[in-house]
Protein chains: 2
Amino acid sequence: MSDLESISVAVSPREKFREYLSTQNKRLTRERDIVVEEVFATHEHFDPEQLVAVMTARTDGRRVSRSTVYRTLKELERAGLLRKVARANDRDVFEHDYGYPQHDHLICSECGSLTEFPADDVSKVVTRVAEANGFRHTGHRLEVHGVCNQCCRSPRRRHPKLDMI
Amino acid sequence: MSDLESISVAVSPREKFREYLSTQNKRLTRERDIVVEEVFATHEHFDPEQLVAVMTARTDGRRVSRSTVYRTLKELERAGLLRKVARANDRDVFEHDYGYPQHDHLICSECGSLTEFPADDVSKVVTRVAEANGFRHTGHRLEVHGVCNQCCRSPRRRHPKLDMI
DNA sequence: CTTCGTGCAAAACCTTTGCATTAAA
DNA sequence: TTTAATGCAAAGGTTTTGCACGAAG
(Lines give C-alpha, C1' and ligand atoms only; values in the text may rest on other atoms or scores of the structure.)
Protein backbone atom coordinates (compact mmCIF):
# COMPACT_ATOMS: atom_id res chain seq x y z
CA MET A 1 0.00 0.00 0.00
CA SER A 2 1.25 3.43 -0.87
CA ASP A 3 1.91 6.35 1.41
CA LEU A 4 -1.17 8.04 0.21
CA GLU A 5 -3.37 5.08 0.93
CA SER A 6 -2.04 4.64 4.43
CA ILE A 7 -3.22 8.06 5.43
CA SER A 8 -6.92 8.31 6.08
CA VAL A 9 -7.77 11.43 4.18
CA ALA A 10 -10.80 13.40 5.23
CA VAL A 11 -13.19 13.34 2.30
CA SER A 12 -15.03 16.58 1.78
CA PRO A 13 -18.78 16.70 2.36
CA ARG A 14 -19.23 17.45 -1.30
CA GLU A 15 -17.26 14.35 -2.23
CA LYS A 16 -19.13 12.21 0.20
CA PHE A 17 -22.39 13.49 -1.19
CA ARG A 18 -21.29 12.68 -4.70
CA GLU A 19 -20.43 9.15 -3.65
CA TYR A 20 -23.78 8.69 -2.01
CA LEU A 21 -25.64 10.05 -5.00
CA SER A 22 -23.87 7.77 -7.42
CA THR A 23 -24.86 4.74 -5.40
CA GLN A 24 -28.44 5.89 -5.82
CA ASN A 25 -28.19 6.60 -9.53
CA LYS A 26 -28.67 10.25 -8.75
CA ARG A 27 -26.77 13.25 -10.00
CA LEU A 28 -24.66 15.86 -8.31
CA THR A 29 -26.35 18.75 -10.00
CA ARG A 30 -25.30 22.33 -9.92
CA GLU A 31 -28.08 23.12 -7.44
CA ARG A 32 -27.21 20.33 -5.07
CA ASP A 33 -23.62 21.41 -5.22
CA ILE A 34 -24.54 24.96 -4.30
CA VAL A 35 -26.62 23.81 -1.36
CA VAL A 36 -23.90 21.57 0.02
CA GLU A 37 -21.39 24.36 -0.23
CA GLU A 38 -23.63 26.77 1.62
CA VAL A 39 -24.61 24.31 4.30
CA PHE A 40 -21.05 23.30 5.08
CA ALA A 41 -19.56 26.75 4.72
CA THR A 42 -21.47 28.88 7.14
CA HIS A 43 -24.10 27.10 9.15
CA GLU A 44 -23.93 25.01 12.17
CA HIS A 45 -27.43 24.83 13.51
CA PHE A 46 -29.99 25.97 11.02
CA ASP A 47 -33.52 25.30 9.94
CA PRO A 48 -34.85 24.91 6.42
CA GLU A 49 -36.41 28.35 6.34
CA GLN A 50 -33.14 30.09 7.13
CA LEU A 51 -31.43 28.22 4.36
CA VAL A 52 -34.26 28.84 1.92
CA ALA A 53 -34.06 32.54 2.70
CA VAL A 54 -30.40 32.63 1.76
CA MET A 55 -30.68 30.45 -1.30
CA THR A 56 -33.66 32.11 -2.88
CA ALA A 57 -32.35 35.62 -2.32
CA ARG A 58 -29.33 35.13 -4.53
CA THR A 59 -29.12 37.16 -7.70
CA ASP A 60 -25.75 35.95 -8.92
CA GLY A 61 -27.08 33.00 -10.82
CA ARG A 62 -26.62 30.77 -7.81
CA ARG A 63 -30.22 30.90 -6.71
CA VAL A 64 -31.83 27.62 -5.65
CA SER A 65 -35.55 27.20 -5.25
CA ARG A 66 -37.40 26.33 -2.10
CA SER A 67 -38.41 22.93 -3.42
CA THR A 68 -34.89 21.99 -4.31
CA VAL A 69 -33.56 23.11 -0.96
CA TYR A 70 -36.02 20.86 0.81
CA ARG A 71 -35.33 18.01 -1.55
CA THR A 72 -31.60 18.40 -1.13
CA LEU A 73 -31.82 18.51 2.65
CA LYS A 74 -33.57 15.19 2.51
CA GLU A 75 -30.83 13.73 0.37
CA LEU A 76 -28.14 15.13 2.64
CA GLU A 77 -29.79 13.46 5.55
CA ARG A 78 -29.97 10.15 3.75
CA ALA A 79 -26.34 10.56 2.80
CA GLY A 80 -25.37 10.93 6.44
CA LEU A 81 -24.12 14.47 6.02
CA LEU A 82 -26.82 16.19 8.02
CA ARG A 83 -29.00 15.21 10.89
CA LYS A 84 -31.94 16.73 12.64
CA VAL A 85 -31.05 17.63 16.18
CA ALA A 86 -34.23 19.13 17.49
CA ARG A 87 -37.34 21.07 16.70
CA ALA A 88 -37.57 24.75 17.42
CA ASN A 89 -40.40 27.04 16.47
CA ASP A 90 -42.03 24.10 14.74
CA ARG A 91 -39.15 23.69 12.39
CA ASP A 92 -36.62 20.93 12.15
CA VAL A 93 -33.16 22.02 13.22
CA PHE A 94 -30.26 20.53 11.30
CA GLU A 95 -26.59 20.24 11.99
CA HIS A 96 -23.55 18.70 10.39
CA ASP A 97 -23.27 15.00 10.92
CA TYR A 98 -19.99 14.63 9.10
CA GLY A 99 -16.56 16.04 9.72
CA TYR A 100 -17.77 17.12 13.12
CA PRO A 101 -17.20 15.52 16.50
CA GLN A 102 -20.18 13.57 17.76
CA HIS A 103 -22.03 15.40 20.46
CA ASP A 104 -25.41 15.72 22.07
CA HIS A 105 -27.38 18.60 23.52
CA LEU A 106 -28.62 20.08 26.75
CA ILE A 107 -31.79 21.95 25.85
CA CYS A 108 -32.99 24.68 28.17
CA SER A 109 -36.75 24.90 28.34
CA GLU A 110 -36.59 28.45 29.69
CA CYS A 111 -34.40 30.19 27.17
CA GLY A 112 -34.22 27.58 24.43
CA SER A 113 -30.44 27.48 24.33
CA LEU A 114 -28.62 24.40 23.05
CA THR A 115 -25.45 23.37 24.84
CA GLU A 116 -23.30 20.70 23.28
CA PHE A 117 -21.45 17.96 25.08
CA PRO A 118 -19.31 15.08 23.77
CA ALA A 119 -21.25 11.97 22.91
CA ASP A 120 -18.53 9.47 23.76
CA ASP A 121 -20.09 7.98 26.87
CA VAL A 122 -23.53 7.88 25.35
CA SER A 123 -22.18 6.24 22.23
CA LYS A 124 -20.74 3.41 24.27
CA VAL A 125 -24.10 2.70 25.80
CA VAL A 126 -25.83 2.98 22.46
CA THR A 127 -23.43 0.59 20.78
CA ARG A 128 -23.94 -1.98 23.49
CA VAL A 129 -27.72 -1.73 23.41
CA ALA A 130 -27.85 -1.89 19.63
CA GLU A 131 -25.71 -4.99 19.53
CA ALA A 132 -27.83 -6.68 22.13
CA ASN A 133 -30.86 -6.10 19.91
CA GLY A 134 -29.35 -7.03 16.59
CA PHE A 135 -29.91 -3.45 15.52
CA ARG A 136 -27.55 -1.94 12.96
CA HIS A 137 -27.33 1.56 14.29
CA THR A 138 -26.26 4.48 12.18
CA GLY A 139 -26.43 7.18 14.79
CA HIS A 140 -28.29 8.54 17.73
CA ARG A 141 -29.83 11.68 19.03
CA LEU A 142 -29.95 12.53 22.70
CA GLU A 143 -31.76 15.56 24.01
CA VAL A 144 -31.38 16.37 27.67
CA HIS A 145 -34.19 18.63 28.76
CA GLY A 146 -34.14 20.94 31.74
CA VAL A 147 -33.06 24.37 32.86
CA CYS A 148 -29.62 25.74 32.16
CA ASN A 149 -27.24 27.17 34.69
CA GLN A 150 -28.05 30.73 33.83
CA CYS A 151 -31.82 30.35 33.92
CA CYS A 152 -31.67 28.49 37.23
CA ARG A 153 -30.51 31.72 38.87
CA SER A 154 -32.44 34.36 36.96
CA PRO A 155 -36.09 35.15 37.60
CA ARG A 156 -38.38 32.94 35.58
CA ARG A 157 -39.01 33.91 32.00
CA ARG A 158 -41.70 31.96 30.23
CA HIS A 159 -41.28 30.99 26.59
CA PRO A 160 -38.99 33.69 25.28
CA LYS A 161 -39.22 33.53 21.52
CA LEU A 162 -36.10 32.06 20.05
CA ASP A 163 -35.34 32.94 16.48
CA MET A 164 -31.80 31.73 16.08
CA ILE A 165 -30.13 28.81 17.69
CA MET B 1 -47.36 9.50 60.95
CA SER B 2 -50.09 7.01 60.15
CA ASP B 3 -49.86 3.72 58.35
CA LEU B 4 -51.52 5.21 55.36
CA GLU B 5 -49.06 8.04 55.09
CA SER B 6 -46.07 5.75 55.31
CA ILE B 7 -47.11 3.96 52.15
CA SER B 8 -46.39 5.76 48.93
CA VAL B 9 -49.61 5.32 47.01
CA ALA B 10 -49.53 5.52 43.23
CA VAL B 11 -51.64 8.49 42.27
CA SER B 12 -53.69 7.97 39.14
CA PRO B 13 -52.90 9.97 36.02
CA ARG B 14 -56.27 11.62 36.34
CA GLU B 15 -55.50 12.70 39.88
CA LYS B 16 -52.09 13.93 38.96
CA PHE B 17 -53.60 15.92 36.13
CA ARG B 18 -56.13 17.45 38.48
CA GLU B 19 -53.38 18.49 40.85
CA TYR B 20 -51.41 20.08 38.06
CA LEU B 21 -54.42 21.92 36.73
CA SER B 22 -55.31 23.35 40.09
CA THR B 23 -51.83 24.79 40.49
CA GLN B 24 -52.43 26.59 37.21
CA ASN B 25 -55.90 27.86 38.03
CA LYS B 26 -57.24 25.60 35.36
CA ARG B 27 -60.18 23.25 35.43
CA LEU B 28 -60.55 19.51 35.12
CA THR B 29 -63.38 19.71 32.66
CA ARG B 30 -65.49 16.85 31.43
CA GLU B 31 -63.60 16.92 28.12
CA ARG B 32 -60.16 16.85 29.67
CA ASP B 33 -61.28 14.01 31.86
CA ILE B 34 -62.45 12.04 28.85
CA VAL B 35 -59.17 12.57 27.04
CA VAL B 36 -57.06 11.49 30.00
CA GLU B 37 -59.13 8.37 30.40
CA GLU B 38 -58.73 7.45 26.76
CA VAL B 39 -55.03 8.20 26.63
CA PHE B 40 -54.19 6.15 29.69
CA ALA B 41 -56.60 3.33 28.97
CA THR B 42 -55.64 2.11 25.56
CA HIS B 43 -52.71 3.83 23.97
CA GLU B 44 -49.08 3.42 24.35
CA HIS B 45 -47.53 5.12 21.41
CA PHE B 46 -49.94 7.33 19.56
CA ASP B 47 -50.05 10.48 17.56
CA PRO B 48 -52.55 13.31 17.79
CA GLU B 49 -54.41 12.28 14.67
CA GLN B 50 -55.11 8.80 15.94
CA LEU B 51 -56.48 10.21 19.15
CA VAL B 52 -58.53 12.82 17.35
CA ALA B 53 -60.01 10.14 15.15
CA VAL B 54 -61.22 8.22 18.17
CA MET B 55 -62.45 11.21 20.12
CA THR B 56 -64.37 12.91 17.35
CA ALA B 57 -66.03 9.71 16.19
CA ARG B 58 -67.91 9.19 19.42
CA THR B 59 -71.64 9.43 19.36
CA ASP B 60 -72.34 8.63 23.00
CA GLY B 61 -72.06 12.17 24.25
CA ARG B 62 -68.39 11.67 24.98
CA ARG B 63 -67.18 13.33 21.82
CA VAL B 64 -64.28 15.76 22.16
CA SER B 65 -63.31 18.18 19.43
CA ARG B 66 -60.04 18.29 17.58
CA SER B 67 -59.10 21.61 19.13
CA THR B 68 -59.65 20.36 22.63
CA VAL B 69 -57.69 17.19 22.00
CA TYR B 70 -54.70 19.22 20.87
CA ARG B 71 -55.09 21.64 23.74
CA THR B 72 -55.35 18.83 26.24
CA LEU B 73 -52.31 17.02 24.89
CA LYS B 74 -50.34 20.17 25.50
CA GLU B 75 -51.54 20.36 29.06
CA LEU B 76 -50.77 16.70 29.65
CA GLU B 77 -47.26 17.30 28.47
CA ARG B 78 -46.85 20.27 30.77
CA ALA B 79 -48.23 18.19 33.59
CA GLY B 80 -45.58 15.55 33.05
CA LEU B 81 -48.06 12.86 32.09
CA LEU B 82 -47.12 12.58 28.46
CA ARG B 83 -43.99 13.12 26.49
CA LYS B 84 -43.12 13.24 22.86
CA VAL B 85 -40.82 10.39 21.96
CA ALA B 86 -40.25 10.89 18.29
CA ARG B 87 -41.63 12.08 15.06
CA ALA B 88 -43.11 9.65 12.62
CA ASN B 89 -44.88 10.53 9.40
CA ASP B 90 -44.39 14.14 10.37
CA ARG B 91 -46.46 13.80 13.45
CA ASP B 92 -45.40 13.94 17.05
CA VAL B 93 -45.54 10.57 18.74
CA PHE B 94 -46.58 10.59 22.37
CA GLU B 95 -46.24 8.08 25.13
CA HIS B 96 -46.98 7.86 28.82
CA ASP B 97 -44.45 9.60 30.99
CA TYR B 98 -46.04 8.65 34.27
CA GLY B 99 -46.49 5.30 35.91
CA TYR B 100 -44.26 3.82 33.28
CA PRO B 101 -40.62 2.73 33.50
CA GLN B 102 -38.14 5.08 31.85
CA HIS B 103 -36.96 3.82 28.52
CA ASP B 104 -35.58 4.93 25.19
CA HIS B 105 -36.07 3.80 21.61
CA LEU B 106 -34.42 2.08 18.72
CA ILE B 107 -35.99 3.52 15.60
CA CYS B 108 -35.83 1.56 12.38
CA SER B 109 -35.50 3.76 9.35
CA GLU B 110 -36.69 0.98 7.05
CA CYS B 111 -39.95 -0.07 8.65
CA GLY B 112 -40.42 2.71 11.19
CA SER B 113 -40.79 0.39 14.15
CA LEU B 114 -39.97 1.60 17.66
CA THR B 115 -38.24 -0.80 20.03
CA GLU B 116 -37.96 0.13 23.67
CA PHE B 117 -35.02 -0.45 25.94
CA PRO B 118 -34.44 0.50 29.60
CA ALA B 119 -33.01 3.95 30.11
CA ASP B 120 -30.99 3.18 33.23
CA ASP B 121 -27.52 3.33 31.76
CA VAL B 122 -28.29 6.37 29.70
CA SER B 123 -29.77 8.10 32.72
CA LYS B 124 -26.55 7.68 34.63
CA VAL B 125 -24.59 9.36 31.88
CA VAL B 126 -27.16 12.11 31.58
CA THR B 127 -27.13 12.83 35.28
CA ARG B 128 -23.39 13.13 35.31
CA VAL B 129 -23.23 15.41 32.30
CA ALA B 130 -26.01 17.62 33.61
CA GLU B 131 -24.29 18.04 36.95
CA ALA B 132 -21.03 18.91 35.30
CA ASN B 133 -22.81 21.70 33.42
CA GLY B 134 -24.89 23.08 36.25
CA PHE B 135 -27.94 22.00 34.29
CA ARG B 136 -31.06 21.06 36.22
CA HIS B 137 -32.33 18.26 34.05
CA THR B 138 -35.91 17.10 34.05
CA GLY B 139 -35.65 14.30 31.55
CA HIS B 140 -34.09 13.11 28.37
CA ARG B 141 -34.97 11.62 25.05
CA LEU B 142 -32.68 9.28 23.22
CA GLU B 143 -33.41 8.03 19.73
CA VAL B 144 -31.13 5.39 18.29
CA HIS B 145 -31.45 5.34 14.55
CA GLY B 146 -30.62 2.47 12.27
CA VAL B 147 -32.04 -0.71 10.83
CA CYS B 148 -33.75 -3.30 12.94
CA ASN B 149 -32.91 -6.98 13.07
CA GLN B 150 -35.76 -7.96 10.81
CA CYS B 151 -35.10 -5.37 8.12
CA CYS B 152 -31.38 -6.20 8.08
CA ARG B 153 -32.24 -9.59 6.62
CA SER B 154 -35.15 -8.82 4.34
CA PRO B 155 -34.72 -7.32 0.90
CA ARG B 156 -34.67 -3.56 0.99
CA ARG B 157 -38.03 -1.87 1.11
CA ARG B 158 -37.99 1.87 0.58
CA HIS B 159 -40.27 3.96 2.75
CA PRO B 160 -42.98 1.52 3.64
CA LYS B 161 -45.87 3.62 4.86
CA LEU B 162 -46.34 3.16 8.55
CA ASP B 163 -49.75 3.94 9.90
CA MET B 164 -49.56 2.60 13.39
CA ILE B 165 -46.63 2.56 15.74
C1' DC C 1 -32.93 10.06 -26.49
C1' DT C 2 -34.08 8.83 -21.99
C1' DT C 3 -33.94 9.60 -17.33
C1' DC C 4 -33.54 12.66 -13.63
C1' DG C 5 -33.92 17.29 -11.52
C1' DT C 6 -35.68 21.98 -11.21
C1' DG C 7 -38.94 25.69 -10.43
C1' DC C 8 -43.30 27.27 -9.84
C1' DA C 9 -47.62 27.39 -7.82
C1' DA C 10 -50.86 24.86 -5.71
C1' DA C 11 -51.83 21.39 -2.53
C1' DA C 12 -51.38 18.74 1.56
C1' DC C 13 -50.78 18.56 6.28
C1' DC C 14 -50.53 19.28 10.97
C1' DT C 15 -51.47 22.56 14.45
C1' DT C 16 -53.16 26.87 16.30
C1' DT C 17 -56.51 30.65 16.97
C1' DG C 18 -60.58 34.06 16.99
C1' DC C 19 -64.91 34.17 18.50
C1' DA C 20 -69.43 33.18 20.17
C1' DT C 21 -71.34 29.87 23.31
C1' DT C 22 -71.26 26.90 27.35
C1' DA C 23 -69.73 25.28 31.63
C1' DA C 24 -66.79 25.22 35.88
C1' DA C 25 -65.87 27.07 40.42
C1' DT D 1 -71.25 35.61 38.54
C1' DT D 2 -66.83 35.47 36.91
C1' DT D 3 -63.42 33.33 34.46
C1' DA D 4 -61.96 29.53 31.82
C1' DA D 5 -62.87 26.09 28.20
C1' DT D 6 -65.22 24.27 24.14
C1' DG D 7 -66.34 23.80 19.26
C1' DC D 8 -66.28 25.34 14.90
C1' DA D 9 -64.35 27.09 11.00
C1' DA D 10 -60.81 29.54 9.30
C1' DA D 11 -56.04 30.75 9.36
C1' DG D 12 -51.10 29.79 9.90
C1' DG D 13 -46.91 27.75 8.76
C1' DT D 14 -44.10 24.11 7.12
C1' DT D 15 -43.25 20.69 3.79
C1' DT D 16 -44.58 18.13 -0.37
C1' DT D 17 -46.13 17.43 -5.13
C1' DG D 18 -47.89 17.69 -10.14
C1' DC D 19 -46.36 19.24 -14.17
C1' DA D 20 -43.88 21.37 -17.93
C1' DC D 21 -39.39 22.60 -19.00
C1' DG D 22 -34.47 21.90 -18.93
C1' DA D 23 -30.20 19.40 -18.04
C1' DA D 24 -27.25 15.33 -17.57
C1' DG D 25 -25.49 11.03 -19.06
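Which residues are the closest to DNA strand C?

**Entry 1: ground rules**

I am working with a predicted model, where local features need pLDDT of at least 70 and side-chain atom pairs count only at pLDDT 80 or more, while totals for chains, interfaces and linings use all residues. Residues are numbered from 1 along each chain as its sequence is written, chains are lettered from A and ligands numbered from 1 in the order in which they are written, and side-chain values use heavy atoms, with hydrogens and water left out.

**Entry 2: DNA strand C**

Back to my opening question: I find 24 residues around DNA strand C, and the closest are A:Arg63, A:Thr68, A:Arg71, B:Tyr70 and B:Arg91. A residue is near a strand here if one of its heavy atoms lies within 4 Å of it. Of the atoms of DNA strand C that come within 4 Å of the protein, 68% are in sugar and phosphate.

Next I looked up polar contacts, meaning pairs of N or O atoms within 3.5 Å; within protein, one must be able to donate a hydrogen and the other to accept it, and residues adjacent in sequence count only if both atoms are side-chain atoms. A:Thr29 has a side-chain N or O atom 2.9 Å from a phosphate oxygen of DNA strand C. For A:Arg32, I again read 2.9 Å between a side-chain N or O atom and a phosphate oxygen of this strand. A:Thr68 places a polar side-chain atom 2.8 Å from a phosphate oxygen of DNA strand C.

Which elements give two or more residues to this surface? They are α3 (30-42) and α5 (66-78) of chain A, along with α5 (66-78) and β2 (91-96) of chain B. I take helices (H or I, at least four residues) and strands (E, at least two) as DSSP runs, numbered from the N terminus. The largest share, five residues, comes from α5(B).

I also sorted the surface near DNA strand C by class and got 15 charged, five polar and four nonpolar residues. For the classes, Ala, Val, Leu, Ile, Met, Phe, Trp, Tyr, Cys and Pro are nonpolar, Asp, Glu, Lys and Arg are charged, and the others, Gly among them, are polar.

**Entry 3: DNA strand D**

I then turned to DNA strand D, which has 22 residues around it; A:Tyr70, A:Lys74, A:Arg91, B:Arg63 and B:Arg71 come nearest. Sugar or phosphate holds 70% of this strand's atoms within 4 Å of the protein, and bases hold the rest.

From chain A, I noted A:Lys74, with a side-chain N or O atom 2.7 Å from a phosphate oxygen of DNA strand D. A:Arg91 has a polar side-chain atom 2.6 Å from a phosphate oxygen of the strand. B:Ser67 goes to a base: a polar side-chain atom of this residue lies 3.0 Å from a base nitrogen of DNA strand D.

The elements giving two or more residues here are α5 and β2 (91-96) of chain A, plus α3 (30-42) and α5 of chain B. With five residues, α5(A) has the largest share. By class I get 14 charged, five polar and three nonpolar residues.

**Entry 4: where the chains meet**

How many residues of chain B are in contact with chain A? I find 33 of chain B in contact with 34 of chain A, contact meaning heavy atoms within 4.5 Å. The two chains bury about 2,900 Å² between them, 59% of it on carbon and sulfur atoms; this is the accessible area (1.4 Å probe) that two parts lose on being put together, summed over both. On chain B's side, B:Phe135, B:Arg136 and B:Arg141 lose the most area to chain A, together 20% of what that side buries.

I count 12 residue pairs in polar contact between the chains, both residues at pLDDT 80 or more. The largest share of the side of chain B that touches chain A, 12 residues, comes from β5(B).

Strand β5 (residues 136-147) of chain A pairs with β5(B) in the antiparallel sense over 11 bridges; strands pair if DSSP finds at least two bridges between them. Across this pairing, A:Arg141 is opposite B:Glu143, and A:His145 is opposite B:Gly139.

**Entry 5: salt bridges**

Two salt bridges cross the interface of chain B and chain A, the rule being a side-chain nitrogen of Lys or Arg within 4 Å of a carboxyl oxygen of Asp or Glu. I looked up the one between B:Asp121 and A:Arg128, whose closest N and O atoms are 3.3 Å apart.

Within chain A, A:Glu75 and A:Lys26 form a salt bridge at 2.9 Å, N to O. A:Glu75 is in helix α5 of chain A and A:Lys26 in the loop between α2 (13-23) and α3, so the pair ties together parts that are 49 residues apart in sequence.
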